[in-house]
Amino acid sequence: MSLGKLERSVVTAVKGLEAIAPLVRSVEETPEPISTEVQGIIPPWINGKLLRNGPGKFEFGNTHYNHWFDGMAMLHQFKIEKGQVTYMSRFLRSDAYKKNSERDRIVMSEFGTLAMPDPCKNLYQRFISLFHMDPSDNANVNFVKYKRDYYVSTETNFMHRVSPENLETLEKVDWSKFIAVNGATAHPHYDHDGTTYNMGNSYGSKGFLYNIIRVPPEKTDATDTLQGAKVFCSIVPANRSHPSYYHSFAMSENYVVFIEQPIKLDVLKIVTCKLRGKALSDGIYWDPKQETVFHLVDKHTGEISSVKYYTNAICVFHQINAFEEGGFLMLDMCCSDDGQNINNYLIQNLRKSGEALDEVYNTICRTFPRRFVLPLDVTSETPTGQNLNTQPSSKATCVKISKDKVFCQHEDLHGEDLHKYGGLEFPQINYDGYNTRPYRYFYGCGFQHLVGDSLLKMDLKGKTLKVWYLKGFYPSEPVFVRSPDAVEEDDGVILSVVLTPSQDKGTFLLVLDAKTMEELGRASVPVNMPYGFHGVFNAAI
């Protein structure tokens with residue numbers, strides 16, 4: 001029995017899940033700050049704004065979106081100052097939002113929803129439109145930073161610069177005006193000097209390429225956005241007509257790590273999806289017969305390692321951390337053994353109840369934290385057929401099987417108790433202090449439901465868990481905020497937005513002690529809020 005099958009088989013079928021339809025309903029924005037009711041103590045040293053992003057509107061007129069990823073971006077701000085909290089939210093004024101609002105119907109296609117032809121166009125115009133699909137600027141995935149400015153991002157070529165002060169939409173920015181890419185991820189990485197790294201695809205005269213992007217840390221003038229951005233490395237897909245989908249990538253001190261996984265893009269299906277009357281998602285599929293390949297790129301030279309690192313077919317959305325130690329690169333990620341989960345997050349599935357909801361959840365493969373160990377000094381003299389991992393800190397294996405091929409087997413970064421909490425996703429660390437460096441702790445959401453229903457802290461020393469869980473409460477991705485006098489890695493707090501579908505306007509900002517995972521305080525917000533994706537803490541200067 002393979003490790004993947006073993007991990008899946010110990011998860012018993014779940015019955016009696018609570019309906020969570022209110023977490024995927026359209027809500028009204030709260031464009032002016034409102035006060036919250038604080039219970040307990042919110043440490044007075046927390047001074048800044050928790051900014052979160054996610055879908056907040058799922059229909060226009062009589063038309064509705066099909067997939068959770070399609071909803072219109074809603075931006076949220078929790079301003080924390082002197083132990084008090086205010087809340088506000090605004091819809092991103094994207095072109096997609098404005099055009100849909102003007103027509104009171106969906107006119108811009110999204111990942112899982114194909115917009116119907118505009119009835120106001122004549123027959124010829126509608127025919128021509130079948131051959132062209134505009135990429136959406138509905139940036140509903142994350143808040144990201146470039147040159148100290150905040151942007152909201154999805155995975156197309158469009159981002160929007162926004163104000164963290166009042167969530168105003170300031171400027172639409174197109175990656176393709178600066179470098180030859182057709183999009184970029186919503187999960188960039190940051191060097192300690194502020195240099196930002198990202199990845200984006202291109203499809204042109206050279207065929208399909210995965211591109212690694214570097215953006216300088218400083219502006220040249222006040223109007224500067226992505227000026228100076230460069231593609232410093234391009235990787236050729238194993239199959240150019242069926243390249244891999246990726247949501248993020250990993251980075252250590254000296255390397256960018258691209259994970260070429262068996263979630264595949266059928267390029268022909270994607271470019272013809274509108275003509276065929278299908279959404280973009282129709283061109284994405286899981287191929288479990290393919291291995292996963294790790295590509296290492298030197299951050300300083302842009303050189304791609306000739307050695308390729310392989311493992312079994314895995315699906316990865318989020319990395320935890322990557323660091324170099326003793327001639328090895330430690331790569332920690334949240335992995336599942338089935339890449340079809342993305343298709344289960346249809347809005348109609350999330351709104352199911354009873355046995356139908358249980359059935360959807362029980363078809364989903366759980367995600368678990370794993371470590372891969374990649375030897376950095378593989379040469380023609382390196383022996384084949386034996387485990388090259390000499391690091392006593394990890395039981396992962398890496399075996400050279402041919403000249404430039406190393407096969408890696410992971411180590412589980414958890415004990416058996418994590419199965420009880422449905423695995424772990426939305427991983428976070430003390431990023432400013434420990435990204436690209438050896439570390440001990442990571443945080444995430446447990447998934448005993450289709451969305452996160454617990455907050456978890458993993459201690460890699462002993463692989464022990466600390467848990468915050470209350471039945472019927474659904475916390476968002478945890479965000480670590482370091483205390484100003486921090487000495488140890490976990491000196492700080494965890495911030496998470498908690499939703500309660502069984503209660504009207506039962507939303508609160510939760511503050512946990514990052515050491516103990518015990519509640520310090522909460523700020524109740526008298527609004528309904530949908531379950532979102534990602535966010536950041538914007539510390540006051």
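Modeller: Two strands are taken to pair if DSSP finds at least two bridges between them. The model discussed here is predicted.

Biologist: In strand 26, which residue is the bridge partner of T397?

Modeller: Strand 25 and strand 26 (residues 405-409) run antiparallel and are joined by 5 bridges, where at least two are needed for a pair. Within this pairing, the partner of T397 in strand 26 is Q409.

Biologist: Which strands stand at the edges of the open sheet of 6 strands?

Modeller: The pairing in this open sheet is mixed, and its strands follow the order 16-17-20-21-26-25. An edge strand has a single partner, so one of its sides is left without a neighbour in the sheet. That description applies to strand 16 (250-251) and strand 25 (397-402).

Biologist: Is strand 3 largely enclosed or exposed?

Modeller: Strand 3 pairs in the antiparallel sense with strand 6 (residues 72-81) over 9 bridges, and L50 stands opposite F78 in strand 6. Strand 3 also pairs with strand 37 (residues 534-539), again antiparallel, over 6 bridges; there L51 has V536 as its bridge partner. Because 9 of the 10 residues of strand 3 (residues 48-57) are buried, the rest of the structure leaves this strand largely enclosed.

Biologist: Which strand gives the most residues to the largest nonpolar core?

Modeller: The largest nonpolar core has 65 residues, and those with the most contacts inside it include W68, F78, I80 and L495. The strand that gives the most to this core, with 6 residues, is strand 34 (residues 492-499).

Biologist: With which residues is L495 in contact, leaving aside its neighbours within four places in sequence?

Modeller: L495 is among the residues with the most contacts inside the largest nonpolar core. In general, nonpolar side chains of soluble globular proteins tend to be buried together. With its sequence neighbours within four places left aside, L495 is in contact with L50, I80, E477, P478, V479, V481, L509, L510, V511 and F537.

Biologist: How many residues does the other core have, which lies apart from the largest one?

Modeller: Y255, I320, C334 and L418 are among the residues of this other core. Its total is 41 residues.

Biologist: Which residues of strand 24 are buried on the side that includes F368?

Modeller: Strand 24 (residues 368-375) has 8 of its 8 residues buried. In a regular strand the side chains alternate between the two faces of the sheet. One side of strand 24 carries P369, R371, V373 and P375, and the other carries F368, R370, F372 and L374.

Biologist: In strand 27, which residue is the bridge partner of R370?

Modeller: Strand 24 runs antiparallel to strand 23 (residues 328-336), with 8 bridges, and F328 is there partnered with P375. Strand 24 is also joined to strand 27 (residues 411-412), antiparallel, by 2 bridges. In strand 27 the partner of R370 is D412.

Biologist: Is the aromatic pair of F208 and Y210 stacked, tilted or edge-to-face?

Modeller: F208 and Y210 are both buried. Their rings lie 6.0 Å apart centre to centre, with 75° between the planes. Planes over 60 degrees apart count as edge-to-face, so the pair is edge-to-face.

Biologist: Over the ring of which residue does the charged end of K457 sit?

Modeller: The charged end of K172 sits over the ring of F158, 4.0 Å from its centre. For K457, the charged end lies 4.3 Å from the ring centre of Y441.

Terms used:
Residues numbered from 1 in each chain as written. Predicted model: local features only at pLDDT ≥ 70, side-chain atom pairs only at ≥ 80, totals over all residues. Heavy atoms only, no water. Helix = DSSP H or I, 4+ residues; strand = E, 2+ residues; numbered from the N terminus. Core = buried A, V, L, I, M, F, W, Y, C linked by side-chain atoms within 4.5 Å. Buried < 20%, exposed > 50% of the residue type's maximum accessible area, 1.4 Å probe, protein only. Contact = heavy atoms within 4.5 Å. Phe/Tyr/Trp six-rings, centres within 6.5 Å; stacked < 30°, edge-to-face > 60°. Lys NZ or Arg CZ within 6 Å of the ring centre and 35° of its normal.
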